[in-house]
Amino acid sequence: MTPTEYEYLRKFLKDNSGLDLSADKQYLIESRLLPLARKTGLSGIAELVQKLQAGSRTLITDVVEAMTTNETFFFRDKVPFDHFRDTIMPEVIKARAGRRSVRIWCAAGSTGQEPYSLAMCLKEMGAALTGWRVEIIATDLSQEVLEKAKAGVYSQFEVQRGLPIQMLVKYFKQTGETWQINPELRAMIQHRQLNLLHDFSQLGTFDVIFCRNVLIYFDQDTKINIFNRLARQIEPDGFLVLGAAETVVGLTDTFRPLPDRRGLYKPNDPRAAVAKPALAGAAPRMAVMAGR
Ligand SMILES: C[S@@+](CC[C@H](N)C(=O)[O-])C[C@H]1O[C@@H](n2cnc3c(N)ncnc32)[C@H](O)[C@@H]1O
């Protein structure tokens, strides 16, 4: 790959997905894009760059998807889900007791393990949420991971990563070598394609936003821009949950970290959170939580 081709691809990826590659990541590009080039019948990176420059839509999507990291697993890092159960939801239940509804956004949900972990946490809360309208929106840039998330089908290896055995038995059905999450949990989640670089104000406002392990791939300005727009989509008393390697500190004052609750943030200035109409277009999918 020539330096010019590398620079083209770096800029292309930053513009299309936010991915910020340093000057020495040629090996990463080659390891991910050479197999794609071959699969597409192209001779190598040079021809792939030419096709991108010519504006081939399918190739643009394929290149972006090939370069995204989709690593995820059930109850990843555990602590955020403990916070969700022990800090976030008790506060939300108290604050929303009048309208009995909660809106949650999983902003880079990948293949679904994160939103389904949240759905399982909510089911485990049982009677505390009976009769509540629960809306979980899981979005991701990649259509491919969203298809898998929608299907809710996981391999033996995937269900062995982070998922307690009693949850596997309770919420999944085994079919041959794979496990499918039960229809009630699947119905709790609405999956949508969404690029965080683009406007997301149409999603409305949320009580809880999980945006984990995606901003680490972006440069500082992109992170600041996304944090500032996230602040407008969160209720003044809502919660933002970031990944273990991510923080708002030193980037923006629209959120503040909660002491002793690693990864958990509150919007700083309630006036920054402008109320938005809930979900334009199609009727939102909401689960009404049944009693046990
Ligand atoms: C490493 S996974 C994290 C999944 C999950 N949040 C977790 O922590 O386990 C990052 C996800 O972010 C998605 N992603 C990357 N760039 C994105 C963008 N610009 N907008 C939305 N999603 C993006 C990728 O497709 C991928 O599924």
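The shell around the ligand, by class, comprises nine polar, six nonpolar and five charged residues. I should say at once that this is a predicted model, and that every value I quote is computed from it.

Let me stay with that shell. The ligand is surrounded by 20 residues. Those that come closest are Thr 72, Ala 108, Asp 140, Arg 212 and Asn 213.

Asn 213 deserves a second mention. In its side chain, an N or O atom lies 2.7 Å from an oxygen atom of the ligand. Arg 76 offers a further pair: an N or O atom of the Arg 76 side chain is 2.9 Å from a ligand oxygen atom. With Asn 195, the partner on the ligand is a nitrogen atom, and a polar side-chain atom of Asn 195 is 2.9 Å from it.

How much of the ligand does the protein bury? On its own, the ligand exposes 600 Å², and 98% of that area is buried by the protein. As for the space that the ligand takes up, it is the largest cavity.

I turn now to the chain as a whole. Its domain assignment gives two stretches: domain 1 covers 3–66, and domain 2 covers 79–272. Between the C-alpha centres of domain 1 and domain 2 the distance is 30 Å. Where the domains meet, nine residues of domain 1 are in contact with nine residues of domain 2.

On the structure before you, I would ask you to find Asn 213 first, with its 2.7 Å pair to a ligand oxygen, then Arg 76, and then Asn 195 beside the ligand nitrogen.

Key
Residues numbered from 1 in each chain as written. Predicted model: local features only at pLDDT ≥ 70, side-chain atom pairs only at ≥ 80, totals over all residues. Heavy atoms only, no water. Near = heavy atom within 4 Å. Polar contact = N/O pair within 3.5 Å; in protein donor to acceptor, adjacent residues only side chain to side chain. Areas by Shrake-Rupley, 256 points an atom, 1.4 Å probe, with all protein chains shown as cover. 1 Å grid on protein atoms, 1.4 Å probe; cavity = no way out; pocket = protein on both sides within 12 Å on 5 of 7 lines; lining within 4 Å. Sits in = over half its atoms within 2 Å of the grid points. Nonpolar A, V, L, I, M, F, W, Y, C, P; charged D, E, K, R; others polar. Domains from an automatic or database assignment. Contact = heavy atoms within 4.5 Å.
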